[in-house]
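The exercises below are meant to be worked through with the sequence and the 3D view open side by side. Try each task before reading the solution that follows.

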Amino acid sequence: MERKKVIFDTDIGSDDAVALTALLLSDRFEVIGITATHGNQPVCNTTENALRLVSFLNKDIPVYKGCGQPMVRHLFKGRNANTIQETIRKEVDGEVIMIHEPILPLPETTRTFEDMHACSYLVDTLRNAKETINICAVGPLTNLGVALTMAPDIAEHIDTIYIMGGGLFKGNRTPIAEANFYDDPEAAEIVLNCGAHVVLNPLEGCESGAMYDANEIIKIAAIDNKVSHFIRNEISEFIAREKILFGDWVDSDCMYDYAAVAAMLDESMIVEMRNELAHVDCSGGMADGALICDRRGFDEIHSKVDIIYRMDTDRTHQLLLDLLKSYAEA
Ligand code: RIB
Ligand code: CA
C-alpha cells in the first residue's frame, strides 16, 4: 500500500506521545516532519520531547521548533480573566504538578532540531510538494495559523488536516472551550476555514473512543516491550497527576491526541461524522476559544469541515494494542 505523507504538529505531552508513538508504529502514513508548538509546555520542552521520542523509537524524522506563543491572544491583557479557568497547576510539598510533565521520561538524545523555523518548513514543504500532504495537528494551531497567514496558497497543497480540538457541547480549559482552541483561538479559526479539508476530532469524539482506565492499562502493560512500558507509564502517570489536580474521583482519562491519530490511521474507527460549518469564538469574552458548529440546518451545508461525533471504542483500544505488539526492537 502506498503511504500517504503527513506532517505531525504537536505540543507534545502525554497524550501527544501516545499519538505519535501509534503513528510511527503504523505503516499507513510516512511522517515527513514533526513541528513543535507551545501548549502543554513551552515550545523548548515540546521540541525536546519530540526529539527524545523519535530517538527512543529509532526513527530518523526531522523536528522543527515552532511558535512559542499564540498569534495574538497574549496581546489582549486580561483576556483570561473573562473566563472560568480549569486548575492546570498545583503546588504540592514545594513541587509544581501540571497535567503534562515538563520533559518526557525518556533517555536524553544528542539529536537536535533543524535550523529552519517550523512555519517556514510548513510553507516550503507544502509549496514544493509534488503530491498533496496531510497534516495532523494535536496542539494549539499557531504554527499552521502563521504558515497559512504567510502563504494562504499552501491550503491547495494539503490533502486533509486532522485536528484534535474544540468541544461539541463542553470545554475542558473553560466550561465551553477546549485547551488547544483556547490557547490560540485566532489560529484555530484561520485553520478551520483555510479552504483545505479538515477532519476535526473534538473532546466528545475522542472520549467516545480513547478513554483509558486501570483495565486498559493492564492490557497495555501485558504486551511487555519497551514501548508498551513507556505508554503504560505515560497513561497511568497522567491519571495520577489529574487525581492530584482534580480529586480522587479521577480513575480514567482520555488520550485525546491518540484518538485523532486513530481516526486518521483507520477511518472505519469513526462511527458518526457530520459535515458542519465550524468557527471559533475569538471575542475575548466568556466563550473565548469555544468551537461553534452550525447545526440549524437552514440550508444545505457545504462545509470543508467534517466533525467526528462518535468512534468505535473497542476498535480504537485494539488498534493501540496491535501497534504496540508490532514493535520490534531494531
Ligand atoms: O484538550 C486536549 C488537548 O489539549 C490535547 O491535545 C492535549 O495534549 C492538550 O494539548
Ligand atoms: Ca496535544
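**Exercise 1. Charges over rings**

Over the face of which residue does R274 lie, and at what distance from the ring centre?

Solution. Keep in mind throughout that this is a predicted model. Start from R274 and look for the ring beneath its side chain: R274 lies over the face of Y309, at 3.9 Å from the ring centre. Then turn to K226, whose charged end sits over the ring of F56, 4.3 Å from the centre of that ring.

**Exercise 2. An aromatic pair**

Find the aromatic pair that Y64 and Y121 form, classify it, and work out which parts of the chain it ties together.

Solution. Begin with the search of the whole structure, which finds two aromatic pairs. One of them is formed by Y64 and Y121, with 3.8 Å from centre to centre and 15° between the planes. Planes under 30 degrees apart count as stacked, and the pair of Y64 and Y121 is accordingly described as stacked. Next, place both residues: Y64 lies in strand β3 (residues 63–65) and Y121 in helix α3 (residues 118–127), so the pair ties together parts that are 57 residues apart in sequence. Finally, consider accessibility, for which the cut-off for buried is under 20% relative accessible area. Y64 counts as buried because its relative accessibility is 9%, and Y121 is likewise buried, with a relative accessible area of 6%.

**Exercise 3. A hairpin and positive phi values**

Describe how strand β4 is joined to strand β5, and then examine the backbone at D93 and at N58.

Solution. First take the strands: β4 (residues 89–92) and β5 (residues 95–98) run antiparallel and are joined by four bridges. R89 has M98 in β5 as its bridge partner. Second, look at the turn, where two residues stand between the strands of the hairpin and D93 takes a positive phi near 45°. Most residues other than glycine have a negative phi. D93 is not a glycine, yet its phi is positive, and with a relative accessibility of 81% D93 counts as exposed. Third, compare N58, which also is not a glycine but has a positive phi of about 60°. N58 is placed in the loop between α2 (43–56) and β3, and at 54% relative accessibility it counts as exposed.

**Exercise 4. Covered helix residues**

Is S14 buried or exposed, and how many of the eight residues of helix α6 are buried?

Solution. Locate S14 in helix α1 (residues 14–25); its relative accessible area is 1%, and therefore S14 is buried. To see what surrounds S14, leave aside its neighbours within four places in sequence, and the contacts that remain are H100, E101, E234, F238 and R241. Now move to helix α6 (residues 185–192), which is mostly covered, since six of its eight residues are buried. Those buried residues of α6 are P185, E186, A187, A188, V191 and L192.

**Exercise 5. Around ligand 1**

How many residues surround ligand 1, and which are the closest?

Solution. Ligand 1 is surrounded by 13 residues, the closest being D15, N172, E178, N180 and D257. Continue with individual atom pairs, in each of which an oxygen atom of the ligand faces an N or O atom of a side chain: the distance is 2.4 Å for E178, 2.9 Å for N180 and 3.0 Å for N40.

Technical notes
Residues are numbered from 1 along each chain as its sequence is written. Chains are lettered from A and ligands numbered from 1 in the order in which they are written. This is a predicted model: local features need pLDDT of at least 70, side-chain atom pairs count only at pLDDT 80 or more; totals for chains, interfaces and linings use all residues. Side-chain values use heavy atoms; hydrogens and water are left out. Two strands pair if DSSP finds at least two bridges between them. Buried means under 20% relative accessible area, exposed over 50%, partly exposed in between (1.4 Å probe, protein chains only). Rings of Phe, Tyr and Trp (its six-membered ring) pair if their centres lie within 6.5 Å; planes under 30 degrees apart count as stacked, over 60 as edge-to-face and the rest as tilted. A charge sits over a ring if NZ of Lys or CZ of Arg is within 6 Å of the ring centre and within 35 degrees of the ring normal. Contact means heavy atoms within 4.5 Å. A residue is near a molecule or strand if one of its heavy atoms lies within 4 Å of it. A polar contact is a pair of N or O atoms within 3.5 Å; within protein, one must be able to donate a hydrogen and the other to accept it, and residues adjacent in sequence count only if both atoms are side-chain atoms.
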